[in-house]
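Please open the model in your viewer and keep the sequence panel beside it. The tour below goes from one selection to the next and says what can be found at each stop.

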Amino acid sequence: GEAYCWGSDFFGSLGQGTTISRPDAKLPVRLAGVIPLLDVRAAAGNLVFTPGCGIAATGAAYCWGANNSGQLGTSATQDTCAAFMLTFGCSGIPLAVVGGHAFQVVIPGAEFVCGITVGHTVLCWGTNAMGELGSGGNQGSSLPVEVLGGLRTP
């Protein structure tokens, strides 16, 4: 249940409880917080606004890092971060994704996250500038929204 992260610490992306950019972690560091996470994911690539996310034994999803587009799945962020003339919420510790959903998997993308619930419903949250949420529009959401069409996984 202990999760570890390494690499860049932009906006709290290492989950160490801080949101101040510091040198990259060359070795794994333990994720802060008391919630044991069974599955931890981060998007590949050098995307500073991509959160880290994980799933607890209960199925609850937790995310941390930048929240400039609602990609943490909550509007209640721990800290304030600034970059590229933007000021936005962020968190250096895992925050629970709102809604009380139980997830099988969550997969972070560039400023958005999608997940599959134990009931096989596909939910997404964060930016929606290019239709990332599958909601039929381009309005982003810090709350999980169901992909249109009742998309379900087998």
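Two residues are said to be in contact when heavy atoms of theirs lie within 4.5 Å. With that in mind, and remembering that this is a predicted model, select Val113 as a starting point: leaving aside residues up to four places away in sequence, Val113 touches Pro51, Cys53, Gln71, Val106, Ile107, Pro108, Leu123, Cys124 and Trp125.

**The whole chain**

Now zoom out and colour the chain by secondary structure. The protein chain has 11 strands and 0 helices, and 43% of its 154 residues are buried. Among contacts with a separation of 6 or more, 43% join residues that are 24 or more positions apart. If you switch on the surface, the accessible area of the protein chain is about 7,600 Å², and 60% of that area belongs to carbon and sulfur atoms.

**The open sheet**

Next, select strands S3, S4, S5, S7 and S6, which in this order form an open sheet with antiparallel pairing. Strand S3 (37-42) and strand S6 (79-83) are the edge strands, each pairing on one side only. Ignoring direction, neighbouring strands of this sheet are turned by 30° against each other on average.

Stay at the S3 edge and add strand S4 (residues 52-56), which runs antiparallel to S3 and is joined to it by 5 bridges. Which residue in S4 stands opposite Asp39? Select Ile55, and you have found the partner of Asp39.

**The nonpolar cores**

Ile55 also leads to the next stop, since the largest nonpolar core, with 12 residues, includes Ile55 along with Cys53, Ala61, Cys63, Leu72 and Leu95. To complete the selection, add Val97, Phe103, Val106, Val113, Leu123 and Trp125. Two or more residues of this core come from each of S4, strand S5 (61-66), strand S8 (103-108) and strand S10 (122-126). A second, separate core has 8 residues, among them Cys5, Leu14, Leu37 and Trp64. Cys5 has a relative accessibility of 10%, and because buried means under 20%, Cys5 counts as buried.

**The disulfides**

For the last part of the tour, show the cysteine side chains as sticks. A disulfide is a covalent bond between the sulfur atoms of two cysteines. How many disulfides are there in this model? The count comes to 3, and, with bonded cysteines counted along the chain, they follow the pattern 1-2, 3-4, 5-6.

- Begin with Cys53 and Cys63, whose sulfur atoms are 2.1 Å apart. Cys53 lies in strand S4 and Cys63 in strand S5, so this pair ties together parts that are 10 residues apart in sequence. The link of Cys53 and Cys63 is right-handed, with 105° about the S-S bond. Cys53 is buried at a relative accessible area of 0%, and Cys63 is buried at 0% as well.
- Move on to Cys81 and Cys90, where the distance from S to S is 2.0 Å. The torsion about the S-S bond of Cys81 and Cys90 is about 75°, so this disulfide is right-handed. Cys81 counts as buried at 5% relative accessibility, while Cys90 is buried at 0%.
- Finish with Cys114 and Cys124, with sulfur atoms 2.0 Å apart. Cys114 lies in strand S9 (residues 112-117) and Cys124 in strand S10, so the pair ties together parts that are 10 residues apart in sequence. The link of Cys114 and Cys124 is right-handed, with 105° about the S-S bond, and both cysteines are buried.

Note on methods: Residues numbered from 1 in each chain as written. Predicted model: local features only at pLDDT ≥ 70, side-chain atom pairs only at ≥ 80, totals over all residues. Heavy atoms only, no water. Pairing = 2+ DSSP bridges. Helix = DSSP H or I, 4+ residues; strand = E, 2+ residues; numbered from the N terminus. Axes fitted to C-alpha atoms, helices over the stretch in contact; angles between N-to-C directions. Core = buried A, V, L, I, M, F, W, Y, C linked by side-chain atoms within 4.5 Å. Buried < 20%, exposed > 50% of the residue type's maximum accessible area, 1.4 Å probe, protein only. Areas by Shrake-Rupley, 256 points an atom, 1.4 Å probe, with all protein chains shown as cover. Disulfide = S-S within 2.5 Å.
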